[in-house]
Amino acid sequence: MKKLIGLLQWTLKAAIFFTLFAFALNNQHDVTVHFFFGQQWLAPQVLVLLAVFVLGLVLGVLLMVPKWWREHRQVHQLLAESLVMYQ
């Protein structure tokens with residue numbers, strides 16, 4: 001049963017990879033991204049999409065860091081309180 005699930009997972013990953021690969025091959029046209037002050041960036045469409053995806057990923061992680069730190073501190077405070085309580 002585990003081999004069947006592993007095979008299905010591998011097949012799904014391969015299908016996703018080939019779908020994204022076909023998407024990249026079909027979107028090789030150059031696009032121009034216009035920035036402020038007349039700056040431009042001319043790049044293949046798939047590269048622009050990849051850059052926007054990575055930028056969104058990085059921005060999402062950076063916005064989550066303060067919450068992670070706050071929760072990390074709360075967990076350590078609760079652990080310290082529980083250690084003091086049970087001694």
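**View 1. The lining of the largest pocket holds 7 nonpolar residues, no polar ones and no charged ones.** Welcome to this predicted model; the tour starts at its largest pocket. The space inside amounts to about 160 Å³. To find the lining, look for L20, F23, V46, L47, L49, L50 and F53. Two elements, α1 (2–26) and α2 (45–85), each give two or more residues to this lining. Of the elements, α2 gives the most, with 5 residues.

**View 2. A nonpolar patch of about 870 Å² lies on the surface.** Here are the residues to pick out: F35, W41, L47, L50, F53, V54, L57, V58 and L62 make up the patch. Helix α2 turns up again, as the largest share of the patch, 7 residues, comes from this element. Some names may look familiar from the first view: L47, L50 and F53 belong to the patch, and L47, L50 and F53 also line the largest pocket.

**View 3. W41 brings strand β2 into the picture.** This tryptophan sits in β2, which covers residues 40–44. Is W41 buried or exposed, or something in between? With a relative accessibility of 31%, W41 counts as partly exposed, because that class covers the values between 20% and 50%. W41 is also one of the residues that make the nonpolar patch.

**View 4. L42 is another residue of strand β2.** Its relative accessibility is 58%, so L42 counts as exposed. Now look across to V31, which is 11 residues away from L42 along the chain. How far apart are the C-alpha atoms of L42 and V31? They are separated by 5.7 Å.

**View 5. F37 has a positive phi.** You will find F37 in the loop between β1 (30–34) and β2. Its phi is near 60 degrees, and F37 is a residue other than glycine. Most residues other than glycine have a negative phi. Is F37 buried or exposed? F37 is exposed, as its relative accessible area is 83%.

**View 6. V58 takes us back to helix α2.** At a relative accessibility of 43%, V58 counts as partly exposed. V58 is among the residues of the nonpolar patch. For a sense of distance along the model, pair V58 with V46, a residue 12 positions away along the chain. The C-alpha atoms of V58 and V46 are separated by 18 Å. V46 itself is one of the residues that line the largest pocket, which brings the tour back to where it began.

Key: Residues numbered from 1 in each chain as written. Predicted model: local features only at pLDDT ≥ 70, side-chain atom pairs only at ≥ 80, totals over all residues. Heavy atoms only, no water. 1 Å grid on protein atoms, 1.4 Å probe; cavity = no way out; pocket = protein on both sides within 12 Å on 5 of 7 lines; lining within 4 Å. Points joined across faces, edges and corners; volume = space filled by probe spheres on them. Helix = DSSP H or I, 4+ residues; strand = E, 2+ residues; numbered from the N terminus. Nonpolar A, V, L, I, M, F, W, Y, C, P; charged D, E, K, R; others polar. Patch = residues over 30% accessible without salt bridge, like charges linked within 9 Å, V, L, I, M, F, W, Y side chains within 5 Å. Areas by Shrake-Rupley, 256 points an atom, 1.4 Å probe, with all protein chains shown as cover. Salt bridge = Lys/Arg side-chain N within 4 Å of Asp/Glu carboxyl O. Buried < 20%, exposed > 50% of the residue type's maximum accessible area, 1.4 Å probe, protein only.
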